[in-house]
Amino acid sequence: MIADTIYIYSDGACKGNPGPGGWGALLVAHGHRKEISGGEANTTNNRMEMTAVIRALESLKRPSTVEVHTDSQYVQKGISEWMAGWKRRNWHTADGKPVKNQDLWLQLDALSQLHTIQWKWVRGHAGHPENERADQLANLGVLQAQQHL
């Protein structure tokens, strides 16, 4: 681990797609750990994956060097590979359809401009301790969302 880097481990979960969903993130920096989570009553898995990263980045108090670890290729590839093309095509996919979750992509894009971010994909449910904790936090968010139905 690099001393000045903030490590974010994020995950989303959804029971039904759409359905009640949750997001969770573990932030690790300078020997400290912070856990955040939440949920929504009617959402999708991709929206929860994105929300986890957005909420984690929102919690940072100043521009930082960040490593985001996600098991969502949608998030990792979306931000690092697909977004430039979406912007060039006025938020349309290569086949001309509107980009799904544009509201969240816009938030994620704006937040990512504030930081120096490396986007890392990790295999989900493969025993990675921090990713497993993010998964647990996301499932807590699902429970919170289900209690408010």
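Where is the place of Trp91 in this chain? In this predicted model, the place of Trp91 is in the loop between α2 (73-88) and α3 (102-112), and the legends below begin with that residue.

**View 1. Trp91 in the loop between α2 and α3.**
Trp91 has a positive phi of about 65°, although Trp91 is not a glycine. Most residues other than glycine have a negative phi. Trp91 counts as buried because its relative accessibility is 11%, and the cut-off for a buried residue is under 20%.

**View 2. His30 in the loop between β2 and β3.**
His30 also carries a positive phi, of about 50°, without being a glycine. The relative accessible area of His30 is 52%, and so His30 is exposed, since that word applies over 50%.

**View 3. The largest pocket and its lining.**
The volume of the largest pocket is about 360 Å³. Its lining is made up of 15 residues, and those that lie nearest the centre of the pocket are Ile6, Ala29, His30, Leu60 and Arg62. Strands β2 (19-29) and β3 (32-43) each supply at least two residues of this lining.

**View 4. The cis peptide bond between Asn17 and Pro18.**
The bond that joins Asn17 and Pro18 is cis, with an omega of about 15°, and Pro18 is found in the loop between β1 (5-14) and β2. Most peptide bonds are trans.

**View 5. Glu67, a buried residue with no salt bridge.**
Glu67 lies in strand β4, which spans residues 65-70. Why does buried Glu67 have no salt bridge? The nearest side chain of opposite charge, that of Lys120, is 4.2 Å away, whereas a salt bridge requires a side-chain nitrogen of Lys or Arg within 4 Å of a carboxyl oxygen, so the pair does not count as one. The side chain of Glu67 does, however, make a polar contact with the side chain of His69, at 2.8 Å. When neighbours within four places in sequence are left aside, Glu67 is in contact with Thr5, Ile6, Tyr7, Ile8, Gln118 and Lys120.

**View 6. The salt bridge between Arg133 and Glu35.**
Side chains of opposite charge can pair when their charged atoms come close. By the rule used here, the count of salt bridges comes to 6, and one of them joins the side chains of Arg133 and Glu35, at 2.8 Å from N to O. This pair links distant parts of the chain, with Arg133 in helix α4 and Glu35 in strand β3, 98 residues apart. Arg133 counts as partly exposed at 23% relative accessibility, and Glu35 counts as partly exposed at 38%.

**View 7. The salt bridge between Arg47 and Asp103.**
The side chains of Arg47 and Asp103 meet at 2.9 Å, N to O. Arg47 lies in helix α1 (residues 45-58) and Asp103 in helix α3, so this salt bridge ties together parts that are 56 residues apart in sequence.

**View 8. The salt bridge between Arg55 and Glu58.**
The closest N and O atoms of Arg55 and Glu58 are 3.0 Å apart. Both residues lie in helix α1, 3 residues apart, which is about one turn of the helix.

**View 9. Gln146 in helix α4.**
Gln146 belongs to helix α4 (residues 129-147), and Gln146 is partly exposed, with a relative accessible area of 35%. The C-alpha atoms of Gln146 and Ala41 are separated by 6.5 Å, although these residues are 105 residues apart along the chain. Apart from neighbours within four places in sequence, Gln146 is in contact with Lys15 and Pro20.

Note on methods:
Residues are numbered from 1 along each chain as its sequence is written. This is a predicted model: local features need pLDDT of at least 70, side-chain atom pairs count only at pLDDT 80 or more; totals for chains, interfaces and linings use all residues. Side-chain values use heavy atoms; hydrogens and water are left out. Helices (H or I, at least four residues) and strands (E, at least two) are DSSP runs, numbered from the N terminus. Buried means under 20% relative accessible area, exposed over 50%, partly exposed in between (1.4 Å probe, protein chains only). Lys and Arg count as positive and Asp and Glu as negative; His and the chain ends are not counted. A polar contact is a pair of N or O atoms within 3.5 Å; within protein, one must be able to donate a hydrogen and the other to accept it, and residues adjacent in sequence count only if both atoms are side-chain atoms. Contact means heavy atoms within 4.5 Å. On a 1 Å grid over the protein atoms alone, a cavity is a set of points where a 1.4 Å probe fits but cannot get out, and a pocket is an open set with protein on both sides within 12 Å along at least five of seven lines; lining residues have an atom within 4 Å of a point. Grid points are joined across faces, edges and corners, and a volume is the space filled by probe spheres set on the points.
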